[in-house]
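User: I'm new to this one and would like to understand the labels people put on it. Can we go through them one by one?
Analyst: Sure, here it is.

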Amino acid sequence: MEQILGWLSLLFIFIFVILFTRKNPEAKNFLLIAFLLRSLCVIISEYGLFILPDSQDDAYTFEIQAREFSRNYGYKIFYQFHHLDSLLISRIISIFYTLFGESKMMAQTISVALGTASVYLVYYLTMMLWDAHVAKKAAWVTTLFPTLVLYSSLTLREVYIVFFLLVGLIGIEKFIKSNSVNSFLQIILSFYILIYFHGAVAFGGLIFLLYLSLKLVKKQLVQLNKLKMNINSFIFVCLLSVPIILFLIDRFNIPYLPSVYDLTFVLFEANISNTNTTSYPDWLKINSFIDLFIKMIPRFLYFLYSPFIWNIKSLYHVVGLLDGILYFIMTIYIIKNWHSIWANPASRFFLVLFIVYAIIHGLGVGNFGTGIRHRSKFVVILIILAAPKIHKFIFSNNKKLYKN
């Protein structure tokens, strides 16, 4: 019965993709391939053809917890959605279990749906930022990016985080262009939801509020120069500053993001995963507050690009090496696209946001095994910014190469 539910879920998503691409034919090829690749991983996992990386441990825990929530709470689980315990994914899945029955394959299909939708969101956001030609390149990279395919087929938080992060980034792009209230609410809601999945990614909401506050302050200073003052802008800046100030004075805590005033906790978070075969070198361990600054750049590099050749000790490490190479290639394309990125306010903000994310995670992650999973949460930003300089693709109806 569980497998029947799983296959019916995949069929439902497939039909939805077909109907969606009829209205959006330009997205048909990459959305169908995205769905099929992710579905193939689900089938491989379900029938035990081989064990997918990261398909046990947390993935198993979240799915089992969803069963317990469904059995113990049923529809009352909605009253527990506000708990900051990283189990929102299990609560969401438990609703489907209560409605239709328990099925691990169905839980993975939810990830497939969100992963496939994220491919389209990357296409949509890249088209807003650059153009339709570049958007197709970004969509194809997202479709085929190995870790995005993997985490879009497992019962893990990563695919949920990527989806809501993209919704928030689309809101930011719209707000920068139009200053609309709807897009502002879209941003706030998206990053608020992300708090319940992973606080370090939700921190991007505070970065946006800081960006907006500085922008309004700059505008206000120009007006003061002309002996003018906009009361509405002043009040808005004060309101935006409240969550930022509360965070800085340690009155507003974000899960998974240690207080900068709690040195013991900061050091604990930085070294907690420095204990296995995938650990960073000993010289990257953080033993003091000064080390946070001295070792920030090397840990940043290790987080994004490790494992390096000298770290390889098993076949799994080779997979990580290939993943790191892809990140390095995307970085090269971003460097080539530097002037265009910096000239556009939205892409400039996305670049700053990506760097902040990489620094936070670089300081908080102590091994490249965990790093591979964490960096997949925001690799879509890297892809979107790099897309204009990606040179060759053969995925088109007329079989012609896309050339930059």
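User: Why does F175 count as buried?
Analyst: One thing up front: this is a predicted model. The cut-off for buried is under 20% relative accessible area. F175 has 7% relative accessibility, so F175 counts as buried.

User: Where is F175 found, and which residues does F175 touch?
Analyst: F175 is found in helix α8, which runs over residues 158-178. Leaving out residues up to four places away in sequence, F175 touches S180, S183, F184, I187, F208 and L212. Touching here takes heavy atoms within 4.5 Å. Take I187 as one of those partners: I187 and F175 are twelve residues apart in sequence, and their C-alpha atoms are 8.7 Å apart in space.

User: What makes L11 partly exposed?
Analyst: Partly exposed is the range between the buried limit of 20% and the exposed limit of 50%. L11 comes out at 45% relative accessibility, so L11 counts as partly exposed. The place of L11 is in helix α1, residues 2-23.

User: Which residues make the nonpolar surface patch?
Analyst: L11 is one of them; the others are M1, I4, L8, F14, I15 and L19, and the patch is about 700 Å². To join a patch, a residue needs over 30% relative accessible area, and L11 has 45%.

User: How do you know that the span of α17 agrees with what a helix should have?
Analyst: Helix α17 has 20 residues, 345-364. The expected span is 1.5 Å times one less than the number of residues, which gives 28 Å for α17. The end C-alpha atoms of α17 are 29 Å apart, so the two values agree.

User: What caps the N-terminal end of α17?
Analyst: N344 does: a side-chain oxygen of N344 lies 2.9 Å from the backbone nitrogen of A346. The limit for a polar contact is 3.5 Å.

User: Why is α17 called largely enclosed?
Analyst: Because 14 of its 20 residues are buried, α17 is largely enclosed by the rest of the structure.

User: And what makes α19 largely enclosed?
Analyst: In helix α19, residues 379-386, eight of the eight residues are buried, so α19 is largely enclosed by the rest of the structure too. The buried residues of α19 include V379, I381, L382 and A386.

User: How many helices and strands does the chain have, and how much of the chain is buried?
Analyst: The chain has 19 helices and zero strands. Of its 404 residues, 54% are buried.

Terms used: Residues numbered from 1 in each chain as written. Predicted model: local features only at pLDDT ≥ 70, side-chain atom pairs only at ≥ 80, totals over all residues. Heavy atoms only, no water. Helix = DSSP H or I, 4+ residues; strand = E, 2+ residues; numbered from the N terminus. Buried < 20%, exposed > 50% of the residue type's maximum accessible area, 1.4 Å probe, protein only. Polar contact = N/O pair within 3.5 Å; in protein donor to acceptor, adjacent residues only side chain to side chain. Patch = residues over 30% accessible without salt bridge, like charges linked within 9 Å, V, L, I, M, F, W, Y side chains within 5 Å. Areas by Shrake-Rupley, 256 points an atom, 1.4 Å probe, with all protein chains shown as cover. Salt bridge = Lys/Arg side-chain N within 4 Å of Asp/Glu carboxyl O.
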